[in-house]
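Open your viewer and get comfortable. We will walk through the model one selection at a time.

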Amino acid sequence: MTIPERRRYDSPVREARARRTRAQVIATAGRLFAERGYAGTSMRQIAAAAGVSLETVTQTGRKPELLLAAFRDGFAGDPDAVNLDALAGPAGPADLPAVVSRVASGVRGSLPIWRAFTTAAAADPAVAAVRAELALARRAEIVERLEAAGMAASDRLADAIGLIASHEAYDHLTGVCGWGHEEYVTWAAAAINAQLTLDWGS
């Protein structure tokens, strides 16, 4: 007797529900990481706060993966964002102040989770590796964006721009020094523009 092949059942309703559940888990994880820190947040706590099972949380990702997804969600509004396109638009000639303003808004929105990210990286090798990968990817993306805009690019120039637009710089100037958000945006745009006039070599 031939057993008929079971047809795959794709339900748009089921897929939409799965996307909503994943988004809920990631948003909840991000909130808890920001409030309690990475070490102070367990997968069970995420499950309880999100109102889902522990299995659902583990299926969404391991703890470092949830942290990265939560950071991307806070920064770019997309837990799957792998570059700045969702936040700053596609690479190419662009209005620098406008791009800096959008990036600064993403930095401000993801600052609490970045603090948790930084603390976790100091204690957890898996998180440290993810953070190092992010840094290398950001350098490469800045170089790519500069070249797409027809500008000379180098790793050192990309590093300088990355530092100016970093969470650390924003946190120091707004959180420690008391600058307003718009003051930071104005400074960052001018500082980046100044870097573009320097001879960084190839």
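**Where the two domains meet**

Begin at the boundary between the domains in this predicted model: across the interface of domain 1 and domain 2 there are 3 residue pairs in polar contact, with both partners at pLDDT 80 or more. Keep that interface on screen, and select helix 1 (12-36) and helix 4 (63-76). Each of these helices supplies at least two residues of the side of domain 1 that touches domain 2. Helix 4 gives the most to that side, with 11 residues. Now colour this side of domain 1 by residue type: you should find 12 nonpolar, 3 polar and 3 charged residues.

Next, zoom out and colour by domain. Domain 1 covers 12-77, and domain 2 covers 78-201. If you place a marker at each centre, taken over C-alpha atoms, the markers will sit 25 Å apart.

How many residues of each domain are in contact with the other? Select them and you will have 18 from domain 1 and 26 from domain 2. Show the surface here: about 1,800 Å² is buried between the two domains, and carbon and sulfur atoms give 73% of it. On the domain 1 side, pick out Phe71, Arg72 and Phe75, which lose the most area to domain 2. Together these three account for 39% of what that side buries.

For the last stop, display the side chains of arginine 22 and aspartate 80. They meet in a salt bridge, at 2.7 Å from N to O. Across the interface of domain 1 and domain 2, the count of salt bridges is 1.

Conventions: Residues are numbered from 1 along each chain as its sequence is written. This is a predicted model: local features need pLDDT of at least 70, side-chain atom pairs count only at pLDDT 80 or more; totals for chains, interfaces and linings use all residues. Side-chain values use heavy atoms; hydrogens and water are left out. Domain bounds come from an automatic or database domain assignment. Contact means heavy atoms within 4.5 Å. Buried area is the accessible area (1.4 Å probe) that two parts lose on being put together, summed over both. A salt bridge is a side-chain nitrogen of Lys or Arg within 4 Å of a carboxyl oxygen of Asp or Glu. A polar contact is a pair of N or O atoms within 3.5 Å; within protein, one must be able to donate a hydrogen and the other to accept it, and residues adjacent in sequence count only if both atoms are side-chain atoms. Helices (H or I, at least four residues) and strands (E, at least two) are DSSP runs, numbered from the N terminus. Ala, Val, Leu, Ile, Met, Phe, Trp, Tyr, Cys and Pro count as nonpolar, Asp, Glu, Lys and Arg as charged, and the others, Gly among them, as polar.
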